[in-house]
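I opened this notebook to keep track of what I looked up in one structure, one topic at a time. Each entry starts from something I wanted to know and ends with what I found.

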Amino acid sequence: MDIAISMGKTLLEKIQRLNTVAMSPSNVCNFTVSIGVNSVLPTEGNSFSKFMNLTDRVLYAAKESGKNTMVVNSMYP
């Protein structure tokens, strides 16, 4: 989980730097990203389908939070 969070933060920073480089008076280009990170411990009650549904909700929560955001969720008991 820590690696996924670190990668998400790095991606957010790179996107923000890319926007700084890409912006010019004649060529306006703005990139944004929404990142949802989810983690689960495999148990009988945590199916792959349940994991994917929750991951999808985490991604949409990031999208609803605004541009260049990351939402993290963990299904640890």
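**Entry on aromatic rings.** I searched the whole structure, which is a predicted model, for aromatic pairs, and the search finds one. The pair is formed by F48 and F51, whose ring centres are 6.5 Å apart and whose planes make an angle of 40°, and it is classed as tilted. I noted that a pair of aromatic rings is described by the distance of the centres and the angle of the planes. To see why this angle is called tilted, I needed the cut-offs: under 30 degrees counts as stacked and over 60 as edge-to-face, so a pair in the rest of the range is tilted.

Where do F48 and F51 lie? I found both in helix α2, three residues apart, which is about one turn of the helix. I then asked whether F48 is buried or exposed. With a relative accessible area of 62%, F48 is exposed, because exposed means over 50%. F51, by contrast, is listed with the buried residues of α2.

**Entry on helix α2.** I followed this helix over residues 48-65, which makes 18 residues, and its reach from the first C-alpha to the last is 26 Å, close to the 26 Å expected at 1.5 Å a residue. Its buried residues are F51, L54, T55, V58 and A62. Seen down the axis of α2, these buried residues fall within an arc of 105°, so they line one face of the helix. On the face turned away from that buried side I found the exposed residues R57 and E64.

I looked at L54 separately, since it has its place in α2. L54 has a relative accessibility of 18%, and it counts as buried because the cut-off is under 20%. Its C-alpha atom is separated by 9.6 Å from that of S39, and these two residues are 15 apart along the chain.

**Entry on what follows α2.** Just after this helix, G66 takes a positive phi of about 120°. N68, in the loop between α2 and β2 (69-75), also has a positive phi, of about 55°, although N68 is not a glycine.

**Entry on the nonpolar core.** Which residues make up the largest nonpolar core? I wrote down I5, L12, I15, V33, I35 and V37, six residues in all. The elements that give two or more residues to this core are α1 (2-22) and β1 (34-40), and the largest share, three residues, comes from α1. As background, I noted that in soluble globular proteins nonpolar side chains tend to be buried together.

I also listed the contacts of V33, leaving aside its neighbours within four places in sequence, and found L11, L12, I15, K67, N68 and T69. Another residue I checked was A4, which lies in helix α1 and counts as partly exposed at 33% relative accessibility. The C-alpha atoms of A4 and G36 are separated by 9.8 Å, while the two residues are 32 apart along the chain.

**Entry on the whole protein.** I counted two helices and two strands in the secondary structure, and read along the sequence they follow the pattern α-β-α-β. Of the 77 residues, 25% count as buried. The protein exposes about 5600 Å², of which carbon and sulfur atoms supply 58%. Finally, among contacts between residues at least 6 apart in sequence, I found that 64% join residues at least 24 apart.

Note on methods:
Residues numbered from 1 in each chain as written. Predicted model: local features only at pLDDT ≥ 70, side-chain atom pairs only at ≥ 80, totals over all residues. Heavy atoms only, no water. Helix = DSSP H or I, 4+ residues; strand = E, 2+ residues; numbered from the N terminus. Expected span 1.5 Å × (residues − 1). Buried < 20%, exposed > 50% of the residue type's maximum accessible area, 1.4 Å probe, protein only. Arc of directions from axis to C-beta. Core = buried A, V, L, I, M, F, W, Y, C linked by side-chain atoms within 4.5 Å. Contact = heavy atoms within 4.5 Å. Areas by Shrake-Rupley, 256 points an atom, 1.4 Å probe, with all protein chains shown as cover. Phe/Tyr/Trp six-rings, centres within 6.5 Å; stacked < 30°, edge-to-face > 60°.
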